[in-house]
Amino acid sequence: MIRVFLLDDHEVVRRGLADLLHSAGDIEVVGESGSAREAARRIPALRPDMAVLDARLPDGNGIDVCRDVRAIDSAIKGLILTSYEDDEALFAAIMAGASGYVLKQIRGTDLVDAVRRVAGGQSLLDPAVTKRVLERIRNGVEQPRELASLTDQERRILEYVAEGLTNREIAGKMFLAEKTIKNYVSSLLAKLGLERRTQAAVLATRLLGDRSDRAH
């Protein structure tokens, strides 16, 4: 059985999704919530195979929930369900580690298929759209929100973090004091809304990896 958690602030929608998934025969809804904060707390505890997450909620959004949950347990897959299609939201979903991003207009049978595929480890993110979003970021046409708040110095340090360098090693490369680097790292983590250095490394690798490869 595929174990699924549902996050949507409309009870009628959750009931409809639950009925649809239960009727598939091989899917079990193990929990549901209408609150982003509650879902972020309950999903890691329930350890479902995947979560179907509404993109927009009164107290947050499913994309942030996906990122928070996967930071705790990367085995839990995320499928973002949204009424809106835009590059910024798609980019955010990619950064959050979501395996899929589908519109609520999707047919019931297609949603069931999407759940099965994501639970099986496949990605439903359209490669063409994903490539377009990432190309825009790399070419600097539209800087992602995640990087827009960083200074040039913080971006350089973020790239070093992505390479796995310690504060001491970064200090040596940038001819700065180790304590100064530590302060920079704390600042960029706060700006990115992250708690751990490893999360910043994952984010930076996704954002900057291809560009760095092309430069070498």
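Helices (H or I, at least four residues) and strands (E, at least two) are DSSP runs, numbered from the N terminus. You're looking at a predicted model, where local features need pLDDT of at least 70, side-chain atom pairs count only at pLDDT 80 or more, and totals for chains, interfaces and linings use all residues. Residues are numbered from 1 along each chain as its sequence is written, and side-chain values use heavy atoms, with hydrogens and water left out.

**Exercise 1. Place G25 and say whether it is buried or exposed.**

Step 1: find the element on each side. G25 sits in the loop that links α1 (11-22) to β2.

Step 2: get the cut-offs straight. Buried means under 20% relative accessible area, exposed over 50%, and partly exposed in between (1.4 Å probe, protein chains only).

Step 3: apply them. G25 has a relative accessible area of 53%, so it is exposed.

Step 4: look for a partner in space. The C-alpha atoms of G25 and M1 are 8.2 Å apart, with the two positions 24 residues apart along the chain.

**Exercise 2. Work out the strand order of the sheet, then find what packs on it.**

Step 1: know what pairing takes. Two strands pair if DSSP finds at least two bridges between them.

Step 2: read off the order. The five strands form an open sheet, β2-β1-β3-β4-β5, and the pairing is parallel. At the edges are β2 (27-33) and β5 (100-103), each of which pairs on one side only. From one strand to the next, the twist averages 25 degrees.

Step 3: walk through β4. Strand β4 (residues 77-82) is joined to β5 by four bridges, and the two run parallel. On its other pairing, β4 runs parallel to β3 over five bridges. L79 shows up in both: it stands opposite G100 in β5, and it is the bridge partner of V52. Five of the six residues of β4 are buried, so the strand is mostly covered.

Step 4: add the helix. Contact means heavy atoms within 4.5 Å. Axes are lines fitted to C-alpha atoms, for helices over the stretch in contact, and angles run from 0 to 180 degrees between N-to-C directions. Helix α5 (residues 108-119) packs on the sheet and touches β1 (2-7), β2, β3 (50-54), β4 and β5, with its direction about 155 degrees from that of β4.

**Exercise 3. Explain why S99 counts as buried, and list what it touches.**

Step 1: locate S99. It belongs to the loop between α4 (87-95) and β5.

Step 2: check the accessibility. S99 counts as buried because its relative accessibility is 11%.

Step 3: list the neighbors. Leaving out residues up to four places away in sequence, S99 touches K77, G78, V118, Q122, S123, L124 and L125.

**Exercise 4. Describe how α8 and α9 each pack against α10.**

Step 1: pick the descriptors. Two packed helices are described by the angle between their axes and the distance between the axes.

Step 2: set the angle classes. Angles under 35 degrees count as roughly parallel, over 145 as roughly antiparallel, 65 to 115 as roughly perpendicular and the rest as oblique.

Step 3: take α8 with α10. Helix α8 (residues 152-162) and helix α10 (residues 178-192) pack at about 95 degrees, their axes 10 Å apart. The pair is therefore roughly perpendicular. On the α8 side you'll find Q153, E154, I157 and L158, meeting I181, Y184, V185, S187, L188, K191 and L192 in α10. Sorted by class, that contact holds seven nonpolar, two polar and two charged residues. (Ala, Val, Leu, Ile, Met, Phe, Trp, Tyr, Cys and Pro count as nonpolar, Asp, Glu, Lys and Arg as charged, and the others, Gly among them, as polar.)

Step 4: take α9 with α10. Helix α9 (residues 167-174) packs on α10 at about 110 degrees, with the axes 8 Å apart. That makes α9 roughly perpendicular to α10 too. Here N167, R168, I170, A171 and M174 in α9 meet E178, I181, K182 and V185 in α10. By class, there are five nonpolar, one polar and three charged residues.

**Exercise 5. Where do R47 and F175 sit, and what are their phi values?**

Step 1: recall the background. Most residues other than glycine have a negative phi.

Step 2: do R47. It lies in the loop between α2 (36-46) and β3, and its phi is positive, near 50 degrees. At 54% relative accessibility, R47 counts as exposed.

Step 3: do F175. This one is in the loop between α9 and α10, with a positive phi near 55 degrees. F175 counts as exposed, at 76% relative accessibility.
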